[in-house]
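These are my notebook entries on a structure that I had not looked at before. I wrote down what I looked up, one topic at a time.

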Amino acid sequence: MIDKILSVKASSGTMTFFMAMHILIMSGGADDGENYYFEMILFLTLALLAGSTFCMDESSARKALLAFGVGLMPLVLLFTYPWVSGGDTADGPPLPGMVMWWLFTVQAILVGSAPYTGIGTSTEE
């Protein structure tokens, strides 16, 4: 089961879907009178980058996913800080969204680092 969760295609798919869903979230925020065009373009770019890992060979896709996960980790930590410090969480993402950010970022890091750490590989003979 862990090998299915830590597969390159599963991680690429969840990351692509997650980034594409944020385009819809940002366009929904435009109903409040605020324009999130920059954020929509940012998430479109991230969705295209994550989707491009489907066309890569497994080694290159793992490297890209590792870079993706490590690159997103500071943002995840920044958005998590108000939740763990008891600060103002009104401007940040909701708690279920933060859990999803953590899951998908950690999944990308684990999938990308699997050749170096041996996570998700079996040594059956």
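**Entry 1: charged pairs.** I searched this predicted model for salt bridges and found that the structure holds one. The partners are Glu58 and Arg62, whose closest N and O atoms are 3.0 Å apart. I noted as background that side chains of opposite charge can pair when their charged atoms come close. When I looked up where the two residues sit, I found both Glu58 and Arg62 in helix 4, four residues apart, which is about one turn of the helix. I then asked myself how Glu58 should be classed, and its relative accessibility of 48% makes it partly exposed, because exposed would require over 50%. Arg62, on the other hand, has a relative accessible area of 14% and is buried.

**Entry 2: the chain as a whole.** I stepped back to the secondary structure and noted five helices and zero strands, so that I could write the order along the sequence as α-α-α-α-α. The chain has 125 residues, of which 30% are buried. For the surface I recorded about 7900 Å² exposed by the chain, with carbon and sulfur atoms supplying 69% of that area. I also looked at how far along the sequence the contacts reach: among those between residues at least 6 apart, 71% join residues at least 24 apart.

**Entry 3: aromatic rings.** My search of the whole structure for aromatic pairs returned three. For Phe18 and Trp101, I wrote down ring centres 5.1 Å apart and planes at 75°, so this pair is edge-to-face, since planes over 60 degrees apart are counted that way. Phe18 belongs to helix 2, residues 8-29, while Trp101 belongs to helix 5, and the pair therefore ties together parts that are 83 residues apart in sequence. Are these two residues buried or exposed? I found both Phe18 and Trp101 to be buried. Following the ring pairs further, I saw that they link Phe18, Phe43, Trp101 and Phe104 into a cluster.

**Entry 4: two threonines and Ala50.** I began with Thr16, which is found in helix 2 and is buried, its relative accessible area being 18%. The side chain of Thr16 reaches the backbone oxygen of Ala50 at 3.3 Å. Leaving aside neighbours within four places in sequence, I listed Ala47, Ala50, Gly51 and Phe54 as the residues in contact with Thr16.

I then turned to Thr53, placed in the loop between helix 3, residues 37-52, and helix 4. Which backbone atom lies 2.5 Å from a polar atom of the Thr53 side chain? I found that it is the backbone oxygen of Ala50, the atom that I had already noted for Thr16. The side chain of Thr53 also makes a polar contact of 2.7 Å with the side chain of Ser12. With a relative accessible area of 1%, Thr53 is buried, because buried means under 20%. Beyond four places in sequence, I recorded contacts of Thr53 with Ser12, Ala61 and Ala64.

**Entry 5: a nonpolar patch on the surface.** I looked next for nonpolar side chains on the outside and found a patch formed by Tyr81, Trp83, Val84, Leu95, Val99 and Leu103, which together have about 620 Å² of accessible area. The elements giving two or more residues to this patch are helix 4, residues 58-85, and helix 5, residues 95-117. I picked out Leu103, which is found in helix 5, and noted that its relative accessible area of 54% makes it exposed.

**Entry 6: the loop after helix 4, and Tyr116.** In the loop between helix 4 and helix 5 I looked up Asp88, which counts as exposed at 56% relative accessibility. The side chain of Asp88 reaches the backbone nitrogen of Ala90 at 3.2 Å. My last check was on Tyr116 in helix 5, which is exposed with a relative accessible area of 59%. Not counting residues up to four places away in sequence, Tyr116 touches Lys63 and Leu66.

Technical notes. Residues numbered from 1 in each chain as written. Predicted model: local features only at pLDDT ≥ 70, side-chain atom pairs only at ≥ 80, totals over all residues. Heavy atoms only, no water. Patch = residues over 30% accessible without salt bridge, like charges linked within 9 Å, V, L, I, M, F, W, Y side chains within 5 Å. Areas by Shrake-Rupley, 256 points an atom, 1.4 Å probe, with all protein chains shown as cover. Salt bridge = Lys/Arg side-chain N within 4 Å of Asp/Glu carboxyl O. Buried < 20%, exposed > 50% of the residue type's maximum accessible area, 1.4 Å probe, protein only. Phe/Tyr/Trp six-rings, centres within 6.5 Å; stacked < 30°, edge-to-face > 60°. Polar contact = N/O pair within 3.5 Å; in protein donor to acceptor, adjacent residues only side chain to side chain. Contact = heavy atoms within 4.5 Å.
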